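The following exercises are to be solved with the sequence and the structure at hand. Each task is followed by a solution in steps.

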Amino acid sequence: MRDGTILTIISLCGIAAYLISVFYPALDALFLALIFGILIGTFFDESYKKTIEKYLSVILPLGITMYGANIKLNLCIATKYALIAMFSAFILGSTVYLVSKKIFKLNDKLSALISCGSAICGASAIAIVSPLVKPKKEEFSAAIIIITIVGLTSAIVLPFMYHLLSISSNTYALLCGATLHQTALVEIATKPLGNDVVKWALEVKGVRIALIAVVAFIMSVIYSKHRYVPWYIAAFLIVSYFSSFMFTERILRFLRPISTIAFSITLASVGFSVNVKDIQNVRIEPLIAAYTGWICAFLIIFALVML
């Protein structure tokens, strides 16, 4: 009875997170599911948390594999802009990592998580590389919360900068795609300027998302004793490829909600098993590091596109 009850509660958290994100895209389903899991978990003792931990070994690989249906890779973008997007990802990731590790002396795993989330695609990138990095659950949760806060702030600031600096819509699209953390935030920040600007920004963002393959390989080399990529990371990349180049839009309309719900249930499971007090002990330094990385990337990319 206990196992069935806990799994039902976790599943409802994931479904609720997805439904809310449909109506309010700025609220990422993975972030919401994690928060719901943490909140619900406060009402249960440690024995229940250990119950859900048993299932994470199955839920996590399944969630990661299915989430590949949400990834849209793009190979048609002009080389110049693809290079800018990749350079921005490098600046975001390296700056966050160096500030976290060298200035604030944060541990290596937390620094790696917020670095990947900043460089690639926010909460989803953190969730995908976490099985390779193997952080503590409170570090994983803190990293997703931090990246979501920075991403939301950035999506608020960029439209303001567009009007303040009087830049062109194409330049603005490039800045959004090259610096914003989550795909939904790129869409929200560019939507007022029309569908063409949204499409252009998402193409730039797609280059950063494609780098998840490179990052997964690097993380596997650094953190895996056997120097191999787990099967579910490979499966995620295969599903991503089919989602981008093989599946029809009709198939994707069916798969994407299911894959998002599955991954949301995974995040809710992680949140449920976390102790809130442990998250509070992470402190504010990782948040400052994430903001520093975003500011540096914005300034450098802005200078490049204005030359």
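**Exercise 1.** Locate K105 and state whether this residue is buried or exposed.

*Solution.* The model is a predicted one.
Step 1: K105 belongs to the loop that lies between α4 (79-103) and α5.
Step 2: The relative accessible area of K105 is 64%. A residue counts as exposed over 50%, so K105 is exposed.
Step 3: The backbone of K105 has a positive phi of about 60°, although K105 is not a glycine.

**Exercise 2.** Describe the place, the phi angle and the accessibility of K134.

*Solution.*
Step 1: K134 is situated in the loop between α6 (123-133) and α7 (137-165).
Step 2: Phi is positive at K134, about 60°, and this residue is not a glycine.
Step 3: With 57% relative accessibility, K134 counts as exposed.

**Exercise 3.** Determine whether S115 is buried or exposed, and identify its contacts beyond four places in sequence.

*Solution.*
Step 1: S115 is part of helix α5 (residues 108-119).
Step 2: Buried means under 20% relative accessible area; S115 has 11% and is therefore buried.
Step 3: Apart from neighbours within four places in sequence, S115 is in contact with G93, S94, V96 and Y97.
Step 4: A polar atom of the S115 side chain lies 2.7 Å from the backbone oxygen of G93.

**Exercise 4.** Find the helix that holds I222 and name the residues that make the nonpolar surface patch with I222.

*Solution.*
Step 1: I222 is found in helix α11 (residues 212-223).
Step 2: The relative accessibility of I222 is 52%, so I222 counts as exposed.
Step 3: Together with V214, F217, I218, V221 and V229, I222 makes a nonpolar surface patch of about 490 Å².

Definitions and conventions: Residues numbered from 1 in each chain as written. Predicted model: local features only at pLDDT ≥ 70, side-chain atom pairs only at ≥ 80, totals over all residues. Heavy atoms only, no water. Patch = residues over 30% accessible without salt bridge, like charges linked within 9 Å, V, L, I, M, F, W, Y side chains within 5 Å. Areas by Shrake-Rupley, 256 points an atom, 1.4 Å probe, with all protein chains shown as cover. Salt bridge = Lys/Arg side-chain N within 4 Å of Asp/Glu carboxyl O. Helix = DSSP H or I, 4+ residues; strand = E, 2+ residues; numbered from the N terminus. Buried < 20%, exposed > 50% of the residue type's maximum accessible area, 1.4 Å probe, protein only. Polar contact = N/O pair within 3.5 Å; in protein donor to acceptor, adjacent residues only side chain to side chain. Contact = heavy atoms within 4.5 Å.
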